[in-house]
Amino acid sequence: MNTENNETERKGRIRWALVLYDAIITIGVELVFLLFYGGTAKLDTMSFVTHALLVLLSVIGFRFAFGVYYTIWRYGGIQNYMKLMVSDLFAFLIYLLFGRFIVPIKRISIVTMFAMVSMILLLSLVMRMTYRYAFKCGDKDTAFGRFLLWILKTFGGINIIRSQEVRRIKVAILGAGNLGNTLYSEIGMDDRSPYEVRCFIDSDKEKVGRFINGCKVLDENNLSPEHLILDYNVQEVFFAVHDYPQDKMRALYEKLNKAGIKVKNYDIPHMASGNGKPQLKEFEIEDLLFRRQETITNEKTSLYYKGKTVLLTGGGGSIGSELCRQIARMNPKKLIILDIYENSAYDIQQELKMKYGNKLDLSVEIVSIANKKGLSRVFETYKPDIVINAAAHKHVPLMEHNCIEAVENNIFGCLNIIELCEEYGVSRFMMVSTDKAVNPTNVMGATKRMCEMIMLAYSTRGKVKCSATRFGNVLGSAGSVIPLFKRQIAAGGPVTITDKRIIRYFMTIREASQLVLESGAMAENGEVFVLDMGNPVKILDLANNMISLMGARNIEIVETGLRPGEKLYEELLVRKEELEKTDNDLIFIDKETPLSMEELQTKMNILKTAIDTLDDDGVREALRKVVPTFRRPEDVNRERMEIQ
């Protein structure tokens with residue numbers, strides 16, 4: 001008895017009402033075929049009854065055997081309908097075997113036998129599809145829907161409560177292509193979904209005016225939010241289009257947002273999840289303000305990191321953690337996350353453990369790159385093949401007041417890493433740099449420029465291949481302007497900007513991380529790689545756009561004055577006429593003449609002597625000596641204003 005209960009629990013409850021309906025259909029079809037069978041002679045009573053029982057037992061029996069009666073058909077999918085068809089195919093074969101070769105009864109033609117079972121299957125499918133359609137679409141206020149509900153209630157005793165009209169969110173899908181249909185299959189064909197798809201939106205004239213799964217395709221070019229609300233009761237619109245033009249996306253977003261229609265994005269994630277499967281997510285302001293994200297890494301890049309032991313310093317930071325995610329997807333032999341901040345290192349460690357489990361050989365080391373003995377212990381333990389240095393103090397105003405720490409960590413920390421790469425036979429060293437290293441006006445930029453000079457000098461000696469990558473302001477990174485603006489707007493303002501004339505170049509964390517990995521894979525030795533970051537963004541326009549896109553009103557924008565070391569205009573990284581091209585149209589190489597090791601040692605001695613004085617101003621002046629392009633920001637800003 002206990003075994004029987006366990007089997008019932010495993011399979012589920014039998015739908016006895018459905019068994020009865022199938023039996024009625026089967027008997028009805030048998031009567032039509034057998035009573036009016038037009039062979040050489042009518043069937044005798046024994047043959048008639050035997051044929052009828054054979055069909056009934058075969059069909060119902062195999063449907064039990066295939067678990068057809070354990071299915072909740074209101075949620076039935078294609079696999080359930082295939083199971084029903086396969087069960088009836090076996091039923092036909094058994095009926096054919098017994099009716100033609102085993103049981104001594106009057107035979108009927110194989111065509112008639114097949115037609116009878118096929119008609120039973122057809123009517124069974126129609127019944128199930130009608131039932132499923134009633135639960136799926138019966139709540140729609142249409143004449144056919146009301147008629148279907150009346151039929152099921154009157155003749156089938158099925159009363160479908162029309163409560164979905166209140167419970168489910170009405171949505172339109174922008175994009176009637178593959179991605180849009182994938183989204184529909186996830187939310188539109190699942191009756192347990194909180195969403196109900198009312199229509200599609202597309203610009204393809206071949207699709208406009210036609211229907212997909214009963215949902216009309218509306219013309220995107222003549223789209224009216226009022227029409228969506230009044231005629232389709234749409235509450236949300238889901239973008240399901242790859243590489244949708246940025247200007248059109250923003251214009252449509254503003255129009256829908258103004259009408260009170262919420263907008264979401266359905267696309268392949270680029271950040272932490274990174275599993276290659278499209279996901280539905282809230283629209284980010286970053287999605288609407290900047291150019292389309294470029295995909296930089298390729299299969300060749302992934303193969304370069306596959307099977308390698310990779311050490312990543314600063315692995316818990318904004319760029320470092322995204323580098324960890326991307327490297328983890330490339331199947332490295334081992335990934336070592338090194339950081340001085342244990343909390344951020346712990347966060348990315350747990351994220352990767354949850355995603356990959358034991359498939360990723362992962363270690364975390366807490367040590368400062370300024371601690372050469374601690375670093376040496378890490379190199380001795382793991383003997384990495386590739387080292388990526390993303391560890392640095394990067395906050396411009398704070399480093400202006402902490403010059404000694406900036407030089408010790410950024411410059412001497414970088415030197416420690418490169419020297420250990422040489423000592424332990426690392427094949428490749430990659431350094432994360434910044435656009436602020438180009439003609440720097442602040443301590444942070446000057447330290448990164450000095451790191452580039454160290455890298456270039458070491459590329460001329462030893463066995464390790466060295467490279468650096470430069471990129472601009474990173475969206476979503478710690479301390480970036482967009483999170484600050486979001487908080488200020490949410491608090492009701494004011495939004496603070498240092499100067500209304502400031503312009504900046506922006507890129508995403510994903511692009512920045514891919515640039516590092518792509519350039520590292522293609523590096524020969526001594527290259528400084530830069531990315532074509534597109535057009536600059538005026539910070540005042542950025543603030544106004546964010547206020548508008550977040551639906552805020554009466555938010556004041558206040559100038560606070562330039563911060564220490566801040567430029568009005570960032571340097572243009574990519575001057576295509578001056579740079580070397582690579583196979584990737586977005587990546588260029590800035591070739592420079594490296595320092596000799598003697599020149600480098602002289603500069604390092606100057607910095608070391610300055611640090612020993614414990615005088616921040618003295619260290620800043622020492623930086624000016626060793627980095628010839630390091631200038632005072634007021635001089636650079638004045639010159640730029642004179643040019644304007």
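**View 1. Strand 8 and strand 9 run parallel.** Strand 8 (residues 309-313) and strand 9 (residues 334-339) are joined by 5 bridges. Two strands pair if DSSP finds at least two bridges between them. Strands are DSSP runs (E, at least two residues) and helices are runs of H or I (at least four), numbered from the N terminus. Leu311 stands opposite Ile336 in strand 9. This is a predicted model, in which local features need pLDDT of at least 70, side-chain atom pairs count only at pLDDT 80 or more, and totals for chains, interfaces and linings use all residues. Residues are numbered from 1 along each chain as its sequence is written, and side-chain values use heavy atoms, leaving out hydrogens and water.

**View 2. An open sheet holds 9 strands.** The order is 10-9-8-11-12-13-18-22-21, with mixed pairing. Strand 10 (362-366) and strand 21 (580-581) stand at the edges; each has a single partner strand, so one side of each lacks a neighbour in the sheet.

**View 3. Helix 15 and helix 17 lie across strands of the sheet.** Helix 15 (residues 372-382) lies across strands 8, 9, 10 and 11 (contact: heavy atoms within 4.5 Å). Helix 15 runs at about 175 degrees to strand 9. Axes are lines fitted to C-alpha atoms, for helices over the stretch in contact, and angles run from 0 to 180 degrees between N-to-C directions. Helix 17 (residues 403-423) lies across strand 8, strand 11 and strand 12 (428-432), at about 165 degrees to strand 12.

**View 4. Helix 13 meets helix 20.** The axes of helix 13 (residues 318-328) and helix 20 (residues 509-522) come within 9 Å and cross at roughly 65 degrees. Contacting residues include Leu323 and Ile327 in helix 13, and Val516 and Leu517 in helix 20.
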